[in-house]
Amino acid sequence: MTLTAKADSRQECQEPTADSIMARVYRYPASLGRTLPDTWQMKVYAAHTLHTRRKNILIRYIPGLFRLERGDRNYFGESLNLYEKKPDGVMTKKVLATYGTMPYRRSSEVWTGQYNPSIYADGLFSDRILSPLWPSNRRYYRFAVTHSRLEEGRIIVCVSVTPRFSNTQLVKGGFDADAETGRVCRFNFDFVYGFGRLHIEGEMGRRGLASLVPCRMALTSRLSVLGNKIDETFDATALYDFDNAGQSKLPGKMEIWTIKADTVVREKAFFDTYRPRPLSTEQTAVYERSDTTTQQADTTSRPIRRFISPGTEDVLFDSHIVALSPTGFVKLPPLLTPRSIGWSRSKGFSLQTRFVFSKQWPRRCGLEFAPRVGYNFKQKQVYWRLPLRMDLYRLRNGSLIVETSGGDHAYSSSQADEIRRRLAGQTKYDSLIHLFDQYQFHYYRDNRLLASLSLSPLPRVTLQTGVRFHYRTLIGWNETAAAGGMKHHLSSIAPRLQLVWTPQSVRSGRSLWAGHPMLMADYERGFSLGQAATRYERIETDLRYSLPLHALRAIHLRAGTGFYTRRGQDSFIDYDHFRDEWMPQGWRDELSGQFQLLDSRWYNESDYYARLSAAYESPMLLISRIGKLTRYVQKERLYVNLLHVKALGPYGELGYGISLPMIDFGAFMSIANGRATKFAVKIALSLGGD
C-alpha cells in the first residue's frame, strides 16, 4: 500500500477490498437520487486536433470515416454541444456552435458524436463499449486495488480494470475512487472502436450531479489502415454549475446559455469570446495557416505522385453534400462507387446506390427525397425507388408520402391458380420444386405509384390513407404470348387504409427502456382499369418488436399474416409485408425477418400467408470471443424464420450472421418437411462513409 502521507499499520489493515469498493461505486449514483432532477442540461466545449496521412485511395471505402486530403495534414476545430437528459432517461445531444479548418466537414466531430457523457451509464458510447461502472457489466470485468493515497484528508483508492476475455466491447484501464463514498474522482480507459485504438481519461466533478459527469475529459485515438493514418485528440470541458433544481448557472463571461438550441453558430469569433481556456501554440498556428493559405500550401504536406487530379478523384470516388441553405442539403453519391454490394447464392450479385435531398422550413415543415437505384446481375434488372416525404404538421405527425418504384417481377393470379392445381397432392419439398421448375412462368414487370396522407389523430395511433396505381408489362411479349391469351399490359388502382398502433414504452426493472412494439393493419381494394380483371381485396397485419437487453444485446421479433378475400383472374398476389426484396435496404432487413432461401416463386403462389420471425444479436456470442478475431467482430446474430403458405406447408430457416466494420456475412439453412433442404451464404459489403 502506498500513501502520500504517513499511514500506520492499522490503516493498512483496513484497506478496502476490490469487492467492497465496487459495491460503493455502484451504489454512488443511487445515493444522490433524491437530490437529482429527472431532466438536466449540460454544455460541453471540445477542442479537436487532427493529423492525417493519406497514402492511397483505399481509405475512402472505410465506413464511417470522413474524406481525407492527400499527404500529411494538420487540422484544428472547436465545438460547443448541449447534452440533455430527458425524463425517460434518454440522453440527447445538440450542436450549438462549431468551427474548424477541415474542409469536408461542417463539424469537427468523430468520436464525441456517440460518446455518453456519464461514465455511470450502461455504455461509454451509445452503440458499444460497456462501462465497467455499470453494475450489470461487472461480470465482464476483473477489478483489483493497486494502491491508495491520502488526498485532501480522504483515502483515495486506485482500482485497475481488466476484461475477463478479449472483446471490442470491453475496456482496460483504471479509476480512482473515494474509499468512503465510492465517488469516482478520475478514470482512464483503453479500448478499440472500429478501426481505431482509443484512450480516454477524465476528471469527475466534485459534488452532486456534477460528480456523475466529467468536468474535463481528453480522448485520443489512433487509426492505421493500409498505410493511411489518422491521429485525433478531443479535449472537452463541461460548462456547468448544477444547483438543486438541476439548472446550470455559468458565471462571468461564460453566460452562453442564451444561445438558441435551434441555431448553430459557425464562426471562429464566437469561440474567441467564449473559449474557456487559451489555445496552444500549435492550435493557433493551424488557425493562422488556414486563414492565410486556405489549406492550399500546407507546409506539412509531402510531395506525392498524382495519377488523377484531386477534383476528378472526388467526383469519381466520393459522395458530396451540397448545402442549399442552413436547413437544406443534397447528398450526391460517387460516380464509380456503389453504396453497397451484395451477394447470395439465390440472388447473385447486386449493386445499389442512393441520393438524399433534405430541406426544413419554419413551423415544423420539411421535405425529404431519397431515391435508391440498384442492379441485379442474375436477373439483369434495374430496380428503383423514388420516395418523397413532406412533413406538413409534425405536431400530429402529418405528412404526405409519394413513392414511385419499379423493377419487381410477378406472375398473375391465373398462373398462380394453374400452378396450385399442379401442386395439389404433392407434399415432398423436392417434388414441389420440380413442378415449379417445369412450369413456364410468364412474368410481368411492375411499375407502381403510391400516394398517401399520414396523421396521428391520437397519441400512439397513426392513420394513413391513400391510393396505389399499378402498371404491369409482360416481359418477352410476342405473338405466341398474345395467342395464348396473355395480356401485354395490366393496370389497377386501389384505395388503401393503414392503421399503426405503438403502445407507450414501459420502464423495466433494470432501468432500461423497452422498445416500441408496432402493430400495423392494412386494407387495400383494387379496381380494374381497361379490359383486364385486376380487381382484388387484401388484408394484412404485421407486428414488429425490438427489445433491447443488457450489454448491447437485443431480440427482434416479427409476426404477420395476410390474405386475399377476392381477386380477379388478371390480378396479382402481391403483399406489402411479405415480398422478395431484390434491393434490400441493408443488413437490418435480416433482423426484420427477411427470408434468404425461400424460392422467389412462393411469394406469389398463395392467397394467404402466416409468418413468425425472431433474431437475437449480441456483441459477445461465439466467434467474437476467439483470440484476435474479437477485434473485427462487432455483432453476432442468430435467426429463426417460420412460414406457412398454402402449397408449401410449414417452412423454416435458421441462420447465423456476423457483422464486421465493412462486411456482413451470414450462413443460412432452410427446413421443409422436417428436414434440411438448402444451405447458402450471404455477403453484404458497405463502401464509404456517410
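Q: Which residues form a nonpolar patch on the surface?
A: This is a predicted model, in which local features need pLDDT of at least 70, side-chain atom pairs count only at pLDDT 80 or more, and totals for chains, interfaces and linings use all residues. Residues are numbered from 1 along each chain as its sequence is written, and side-chain values use heavy atoms, leaving out hydrogens and water. A patch takes residues with over 30% relative accessible area and no salt bridge, joining like charges within 9 Å and nonpolar side chains (Val, Leu, Ile, Met, Phe, Trp, Tyr) within 5 Å; a salt bridge is a side-chain nitrogen of Lys or Arg within 4 Å of a carboxyl oxygen of Asp or Glu. With about 560 Å² of accessible area together (Shrake-Rupley method, 1.4 Å probe, only the protein chains shown counting as cover for residues), the patch members are Phe349, Leu351, Phe355, Val373, Tyr375, Phe377 and Val382.

Q: What is the relative accessible area of Leu351?
A: Leu351 lies in strand S14; strands (E, at least two residues) and helices (H or I, at least four) are DSSP runs, numbered from the N terminus. Buried means under 20%, exposed over 50%, and partly exposed in between (1.4 Å probe, protein chains only). Leu351 is partly exposed because its relative accessible area is 31%.

Q: Around what arc do the buried residues of helix H7 lie?
A: In H7 (residues 429–438), Tyr429, Leu432, Ile433, Leu435 and Phe436 are buried. The arc, taken from the directions from the helix axis to the C-beta atoms, puts these residues on the same side of H7, because it is only 160°.

Q: Which elements are included in what covers the buried residues of H7?
A: Asp437 and Gln438 are exposed on the other side of H7. The cover is judged by contact, meaning heavy atoms within 4.5 Å. For the buried residues, the cover includes helix H6 (413–423), strand S29 (663–672) and strand S30 (675–686).

Q: Which residue in S24 stands opposite Met520?
A: Strands S23 (residues 518–529) and S24 (residues 536–548) pair in the antiparallel sense over 9 bridges, where pairing needs at least two DSSP bridges between the strands. The two form a hairpin with 6 residues between them, and Gly530 in the turn has a positive phi of about 75°. Opposite Met520 in S24 is Asp542.

Q: How many bridges join S24 to strand S25?
A: S24 and S25 also form a hairpin, with 5 residues between the strands and a positive phi near 60° at Ala551. Within the pairing, Arg544 has Arg558 of S25 as its bridge partner. S24 runs antiparallel to S25 (residues 554–567), and the number of bridges joining them is 13.
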